[in-house]
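Visitor: I would like a close look at a single part of this structure. Please show it to me first.

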Amino acid sequence: MITYNDAEARYNKTKKPPRSKNYNEFQRPLRRVTESGLMLQKDNHSYVYIINGNEVGRFCEPNELGEAEVLVRGLYATFDIQQMHTYTGLHSGQTFETTTGDRVQVPYNPFFKGQQKEYSALLTFDKDGKLIVDKSWHCDVFTLKSTEEDKSKRKALKTQLDAFVTLQMFKLGSLIDNATVNESMGRAFGESELDRGTARDLQNFLQEEVVRTDDPKFMACFNDLAQSAFDMLASKKIHDYPVPPELNKNGWRSRNLFAVHNYGDVQALRDSAGKLMREVMDNIVPDELKKSLVASLLKLAGLSKGSQPVAIPQFSVKLPRRYSYG
């Protein structure tokens, strides 16, 4: 992250565009003169970075103790977030060392006005650039906690569909034979390729207090979901399986078994990768399928997450992998 001195130095070395009406006496372009949405502005005892017309970071002049405040406004547009990081070094979730020797992560909630704040965070740093937690704050961000009602709904749904899940466990062999696996589903944050119409129909069934399990349409949709859940499970296992040295001969094209199978230089490599992929699938056990299938069911039913927002403590050592802005 930059400092007040960095902002001052940039301001002083950048001239005011002499012929542009988009900049006043105290404003300087950050990039091209024509991009007046990106500018650095000098105010009383502070410098302000403006991205897409919005103030994103205000770097205040240090006091007599060398302590300096930085006022941050979080953003939610991807381009603006990138520009903010480029010019200020600020990004949500970044880590700072504190005066007590800890390292904390700071989120920048872009919806700060909903918490009656003018900024997402006020950060105070000492003369050595360490965060003074007692003189700083940030807007709350939230995780979702399961209520007793959430737990009860999950339990009821699992009980209703337990027999159907068990049946799919007995059909594991046919699911393996009919599997469609690919690298897209296997990589991090890969998405299921379940047909959208099928997913929508299942969502409608699962919203009912008593699921109409005797409806032939439900059975067809459930079978498709089981196959989709297995395909996702198998894709991730194959993607994460270490490529043996004898198959790792083509650089980036040997990054995983999918790559070797699709892009191997010779047919023998591709065949060996395909055989190993099948072995990975054959080693999947029924309990793994059950876990994947139940997770898919809960997601479609809207029950995979809790419903009660809980604020994360200020300046946590580590932010959770998932959190919301409220």
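Visitor: Which helices do the buried residues of helix 10 pack against?

Guide: This is a predicted model, and the answer is best built up from helix 10 itself. Helix 10 covers residues 286-300. Its expected length follows from a rise of 1.5 Å a residue, taken over one less than the number of residues. For the 15 residues here that comes to 21 Å, and the end C-alpha atoms are 21 Å apart, so the two values agree.

Next come the residues that make the contacts. Buried in helix 10 are Leu-289, Ser-292, Leu-293, Val-294, Leu-297, Leu-298 and Leu-300. These buried residues pack against helix 3 (148-170), helix 4 (172-177), helix 6 and helix 7. After helix 10 comes Gly-302, with a positive phi near 75°.

Two of those partners, helix 6 and helix 7, are also linked to each other by an aromatic pair. The structure holds 11 aromatic pairs. In one of them, Phe-205 and Phe-218 meet edge-to-face, with 5.5 Å from centre to centre and 75° between the planes. Phe-205 belongs to helix 6 (residues 196-206) and Phe-218 to helix 7 (residues 216-240), so the pair links distant parts of the chain, 13 residues apart. Buried means under 20% relative accessible area. Phe-205 has 4% relative accessibility and therefore counts as buried. Phe-218, at 0%, counts as buried because its value also falls under that limit.

Note on methods. Residues numbered from 1 in each chain as written. Predicted model: local features only at pLDDT ≥ 70, side-chain atom pairs only at ≥ 80, totals over all residues. Heavy atoms only, no water. Phe/Tyr/Trp six-rings, centres within 6.5 Å; stacked < 30°, edge-to-face > 60°. Helix = DSSP H or I, 4+ residues; strand = E, 2+ residues; numbered from the N terminus. Buried < 20%, exposed > 50% of the residue type's maximum accessible area, 1.4 Å probe, protein only. Contact = heavy atoms within 4.5 Å.
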